[in-house]
Each structure stands twice: as C-alpha cells, then as structure tokens.
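Trainee: I am new to this structure and should like to be guided through it. May we begin with the sequence and the model?

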Amino acid sequence: MNFGKVLTAMVTPFDQFGEIDYPATTNLINHLIANGSDGLVVAGTTGESATLTVEEKRDLFHFVVEQVAGRATVIAGTGTNGTKASIELTQIAEYAGVDGIMLVNPYYNKPSQEGLYQHFKAVAAATTLPVMLYNIPGRSAVNMLPETIIRLSEVDNIVSVKEASGDLDAMTQIIHETPEDFSLYSGDDGLLLPVLAIGGVGVVSVSAHILGHDMQEIISLFENGHYQEAARLNGHIRPIIRAMFAQPSPSPVKAALNMQGVSVGDVRLPMLPLTEEEKQTLKQILKIDIDQAS
C-alpha cells in the first residue's frame with residue numbers, strides 16, 4: 001500500500017459551540033489536497049482524537065472519505081489504549097471506506113514489548129486494511145522498540161510505521177531489518193530530511209497544513225540528488241516548524257490556518273487556543289517566511 005509521501009495529520013475543525021464543523025472540514029480537505037498533501041490522517045493526535053467521541057469519529061471518517069473522493073489517501077486514527085476498543089473503532093473505519101488505519105501505542109497502560117506486540121497483532125487481525133503503527137513515546141509513555149516493530153512487520157497487513165521517537169539510530173535499524181515493502185515515515189516534521197537520508201519514505205506532518213508544497217519539494221530535491229538545495233529549503237522552513245510546536249499542538253497550527261483564511265475554529269478543552277501575544281509572535285514568524293519567499 002502506497003499511502004503517499006506527505007501525509008497531513010489533519011486538524012478537526014470546530015464551530016463556535018465546539019462541535020465538528022463539517023463545511024469547514026470540506027474547505028480544509030480541499031485546501032490540503034491543493035497544497036501538497038498526498039494523504040490525510042483523520043482523528044489522530046492533531047485531530048484531537050482524545051476529545052472526540054466514537055460517534056464523532058465514525059461520522060468524521062464517513063464524511064472525509066466522501067469529500068476526498070479518491071483524490072488522496074484517507075488514514076483513520078483508530079488506536080486507543082484498549083485492544084477491544086481499538087478493534088471496534090478500526091472496524092467502524094473499515095466500514096466507512098478508509099484506505100488504512102493508524103494505531104498509536106496504547107497510552108497510559110504502559111504495556112510491555114510483548115503486550116504491544118500482541119495488541120497490534122490482534123487489531124491487525126481484525127481488519128483487512130493496511131496498518132500504520134504509530135510510535136510516540138512522548139505522548140503514550142511507552143516506547144515501541146525496533147525489535148517489536150520488526151516483529152510486527154512480519155504481519156501481512158502491518159505495512160508501515162510513523163516513527164516519532166526522534167531516535168534516528170532506531171529508525172535506521174527498523175528500515176534495515178524490515179521487508180522492503182515496509183515503509184517508515186518521520187513523525188517529527190523537523191526530521192524529514194534526516195529520515196529521508198536513512199531510507200524513510202516521507203512524513204506524517206502537522207506543519208504540512210501550511211508547508212505541504214515545501215515538504216513535497218524537499219522530498220523531490222532529495223530524491224533527485226539535489227541535497228544542498230533540499231538542505232537549504234529545510235533550513236528555510238525550520239522557524240515555521242518550530243512555531244507549530246511552540247505551544248501544545250494543535251493550537252498553533254489551528255491559529256495559523258485561521259490567520260491564512262482557512263477557518264478551523266479553536267481547540268477543545270483541555271487544550272487552549274493561543275493567547276493574543278502568542279498569536280502576534282506566530283504572525284511575525286509566518287510573515288517573515290512570506291517576505292523571505294517573495
């Protein structure tokens with residue numbers, strides 16, 4: 001399964017009452033596809049999955065599949081901290097017609113490596129969809145070791161991993177010791193270029209909401225051997241990437257989209273929108289980039 005190279009971890013637009021804003025979601029989908037996204041990850045961390053009900057996720061999966069209409073891949077975030085709940089949500093997503101699912105480490109429980117293996121294997125067995133693992137120890141409180149990911153790559157429909165551990169040595173081992181058709185994506189926007197250099201295929205990105213074309217260009221330059229140009233562009237967008245994580249995500253990227261006329265509303269509690277001072281700082285960073293690019 002080829003999910004694409006630049007996959008955007010899509011925010012979930014909310015209206016003034018904190019409910020999912022479906023017209024805004026349509027506009028966001030069209031914006032992302034027009035601006036470099038090969039695929040959309042729906043109801044992942046950036047989509048504030050922890051604040052969405054099962055019913056909201058179900059409706060969102062159906063809606064995004066319908067609106068995308070084959071123009072990009074749709075990957076549903078169906079991982080929870082319980083195996084039974086993850087299976088149920090995965091089957092809901094499969095019925096909705098998504099192209100694949102993304103399964104995060106079971107957060108809070110802190111399972112053993114064998115527990116992680118059995119969890120992901122059980123969810124994969126309950127679906128015919130291709131599965132992307134999602135290793136993010138900073139949010140899940142457990143790190144999936146390379147050996148566990150390598151074992152899981154032997155499961156037929158576990159085809160990929162979003163690696164957000166920041167450990168390039170571990171990623172190198174995973175790429176070297178998994179089948180050739182198993183893909184690794186950077187889960188950190190700022191590590192796209194180093195991950196490409198060790199054999200990764202792309203990025204699952206927050207910043208691609210506003211930097212999708214730039215990320216596609218970095219990948220294209222790298223693949224065509226223009227390493228210095230890729231490094232130059234990578235350095236140019238670094239301030240914006242850092243700004244997207246200067247406050248808890250997805251508050252900065254939602255603010256940036258709103259500033260650029262792509263209305264997505266605010267975040268849900270316990271997340272908070274940016275303060276006016278934080279918005280002004282972000283505006284200055286975005287304006288600097290626009291001025292430099294012109």
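Trainee: What volume does the largest pocket have?

Mentor: This is a predicted model, in which local features need pLDDT of at least 70 and side-chain atom pairs count only at pLDDT 80 or more, whereas totals for chains, interfaces and linings use all residues. Residues are numbered from 1 along each chain as its sequence is written, and side-chain values use heavy atoms, without hydrogens and water. A pocket is an open set of points on a 1 Å grid over the protein atoms alone, where a 1.4 Å probe fits, with protein on both sides within 12 Å along at least five of seven lines. Taken as the space filled by probe spheres set on the points, the volume of the largest pocket is about 450 Å³.

Trainee: Which element gives the largest share of the lining of this pocket?

Mentor: The lining (residues with an atom within 4 Å of a point) comprises 23 residues, and those closest to the centre of the largest pocket are T45, S49, A50, Y107 and R139. Two elements, α5 (137-140) and β4, give two or more residues each; helices (H or I, at least four residues) and strands (E, at least two) are DSSP runs numbered from the N terminus. The largest share, 3 residues, comes from β4.

Trainee: Which residue in β7 stands opposite V161?

Mentor: The 8 strands close into a barrel in the order β1-β2-β3-β4-β5-β6-β7-β8, with parallel pairing (at least two DSSP bridges between two strands). Within this barrel, β6 (residues 158-163) and β7 (residues 183-186) pair over 4 bridges, in the parallel sense. The partner that stands opposite V161 in β7 is L184.

Trainee: How many residues apart are Y22 and F63?

Mentor: The count of aromatic pairs (Phe, Tyr or six-membered Trp rings with centres within 6.5 Å) is 2. Y22 and F63 form one that is edge-to-face, at 4.8 Å centre to centre and with 65° between the planes; planes under 30 degrees apart would be stacked, those over 60 are edge-to-face and the rest are tilted. This pair links distant parts of the chain, with Y22 in helix α1 (residues 22-34) and F63 in helix α2 (residues 54-68), and the two are apart by 41 residues.

Trainee: What is omega for the cis bond that joins S249 and P250?

Mentor: P250 lies in the loop between α10 (227-244) and α11 (251-259). The peptide bond from L269 to P270 is likewise cis, with omega near 15°, and P270 is in the loop between α11 and α12 (276-293). For the cis bond between S249 and P250, omega is about 15°.

Trainee: What is the phi of A69?

Mentor: A69 is found in the loop between α2 and β3 (73-77). Its phi is positive although A69 is a residue other than glycine, with a value near 50°.
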